[in-house]
Amino acid sequence: MPHPIRLIHFSPGTATGRHDSHRACLALGWFLSEATRVTGCSQPWELRWAMPAIHSRDSIQKLLSGAAVLVVATPTYAQGSPWFVRRFFELSAGLAAWGTPATAFATSGGLHTGGEQAVADTLRSLQGLGTATFSFAQKQLVLGTGQKFAPDGTFDLIDTWFLRQFARTILLHAIVRSAPDDADLWADRLDLTTDYYRRFPPEAALESSLGRIRDLLNAPLQDPTAWTQWSTLLGRDASPPDPSSLPHPELLPRPPGEAV
């Protein structure tokens with residue numbers, strides 16, 4: 001069994017309790033599964049919650065070890081990285097994940113509110129651990145979930161398309177790590193190009209191919225049973241993590257609608 005692609009997320013975030021990064025990782029996992037089915041590639045993936053590890057150097061080492069690719073999903077707060085993501089990497093000083101492909105993406109209130117800084121911070125920290133970092137072609141992936149013509153927390157069709165292409169890029173890096181001569185072949189099979197911005201699909205095509213996943217991404221904002229739908233779709237528990245057992249629950253937001 002090959003090592004898994006490991007999706008590491010820090011939910012719910014400091015600014016909101018919407019679990020934006022967790023929801024994005026569920027879609028990322030779905031697109032990874034879809035890509036492996038379409039290509040016939042045998043590549044597992046797993047979703048790991050990083051918040052309990054931020055007080056334990058040993059737990060952080062376990063999260064960094066034994067992965068085909070490391071993917072860090074970070075919320076954005078106060079124009080950059082949340083304190084708990086920084087704490088995770090502060091405790092990782094001196095640890096190593098030599099040569100492991102690694103990447104990061106951010107969920108953000110708006111595209112101009114520090115998401116790129118959070119991604120840059122995270123990539124730099126991953127580089128400090130000896131990983132081989134990459135992004136999605138020319139883009140640092142920041143998914144704006146506010147400050148747009150949609151309810152706060154909403155992912156758009158284009159966000160969903162970027163998550164699908166990002167998942168395919170992650171899978172490509174997992175594959176070519178052991179087969180570098182086949183990179184172009186696999187990129188073609190995964191419909192990946194570095195000049196993706198020249199040929200965005202039309203909205204009707206996006207709606208047809210990705211509308212269902214976009215709707216599932218947004219459903220938990222209004223319907224708690226949507227987590228069950230994700231669990232059924234992925235064949236694993238997709239429930240959001242409960243931060244109340246952490247040593248610092250008072251520093252995290254309550255879910256939307258919950259009384260303070």
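**A walk through a predicted model**

Let's start with confidence. In the chain, strand 6, residues 142-144, has the lowest confidence, with a mean of 90. Strand 1, residues 5-9, has the highest, at 98. Those are pLDDT values, and this is a predicted model. Over the chain, the average pLDDT is 90. At least 70 is reached by 94% of the residues. One caution for the rest. Where pLDDT is low, the predicted coordinates should not be read in detail.

Now helix 1. It runs over residues 20-39, which makes 20 residues. From first C-alpha to last, helix 1 reaches 29 Å. The expected figure, at 1.5 Å a residue, is 28 Å, so the two are close. Is helix 1 mostly covered or mostly open? Mostly covered: 17 of its 20 residues are buried. What follows helix 1? G40 does, and its phi is positive, near 75°.

Next, the nonpolar cores. A general point to begin with. In soluble globular proteins, nonpolar side chains tend to be buried together. Here, the largest core has 50 residues. Which of them touch the most other members? They are I5, L28, V71, F105, I170 and W230. Several elements each supply at least two residues of this core. They are strand 1, helix 1, strand 3 (69-75), helix 5 (157-176), helix 6 (183-189), helix 7 (203-218) and helix 8 (226-234). Which helix gives the most? Helix 5, with 12 residues.

Take L28 as a way in. Leave aside its neighbours within four places in sequence. L28 is then in contact with L7, V71, F105, L163, F166, A167 and I170. There is another core, lying apart from the one L28 belongs to. This other core has 29 residues, among them I8, L70, F89 and A97.

Let's move to helix 3, residues 83-91. F88 sits in helix 3. Is F88 buried or exposed? It is buried, with a relative accessible area of 1%. Which residues does F88 touch, beyond those up to four places away in sequence? F10, A50, A53, I54, I60 and L63. Look at I54 in particular. F88 and I54 are 34 residues apart in sequence. In space, their C-alpha atoms are 4.9 Å apart.

On to S92. It lies in the loop between helix 3 and strand 4, residues 101-108. S92 is buried too, at a relative accessible area of 2%. A polar atom of the S92 side chain lies 2.7 Å from the backbone oxygen of F89. Leaving aside neighbours within four places, S92 is in contact with R57, I60, L64 and L129. I60 also appears among the residues F88 touches.

T131 is another loop residue to look at. Where is it? In the loop between helix 4 (115-128) and strand 5 (132-133). Its relative accessible area is 9%, so T131 counts as buried, the cut-off being under 20%. The T131 side chain has a polar atom 2.7 Å from the backbone oxygen of L126. Not counting residues up to four places away, T131 touches L70, A97, G99, T100, A102 and L126. Two of those names, L70 and A97, are also members of the 29-residue core.

Last topic: salt bridges. How many does the structure hold? It holds 11. Let me show some of them.

One pairs D20 with R18. Their closest N and O atoms are 2.8 Å apart. D20 is buried, at 7% relative accessible area. R18 is buried as well, at 14%. D20 also opens helix 1, which covers residues 20-39.

Another joins the side chains of K148 and D156, at 3.3 Å from N to O. K148 is partly exposed, with a relative accessible area of 25%. D156 counts as partly exposed too, at 30%.

A further bridge links D191 and R199, again at 3.3 Å, N to O. D191 is partly exposed at 38% relative accessibility. R199 is partly exposed at 43%. There is also a network. R6, E46 and R48 are joined into one by salt bridges that share partners.

To recap: the model is predicted, helix 5 gives the most to the largest core, and the structure holds 11 salt bridges. That's my tour.

Key:
Residues numbered from 1 in each chain as written. Predicted model: local features only at pLDDT ≥ 70, side-chain atom pairs only at ≥ 80, totals over all residues. Heavy atoms only, no water. Salt bridge = Lys/Arg side-chain N within 4 Å of Asp/Glu carboxyl O. Buried < 20%, exposed > 50% of the residue type's maximum accessible area, 1.4 Å probe, protein only. Helix = DSSP H or I, 4+ residues; strand = E, 2+ residues; numbered from the N terminus. pLDDT = per-residue confidence, 0-100. Polar contact = N/O pair within 3.5 Å; in protein donor to acceptor, adjacent residues only side chain to side chain. Contact = heavy atoms within 4.5 Å. Core = buried A, V, L, I, M, F, W, Y, C linked by side-chain atoms within 4.5 Å.
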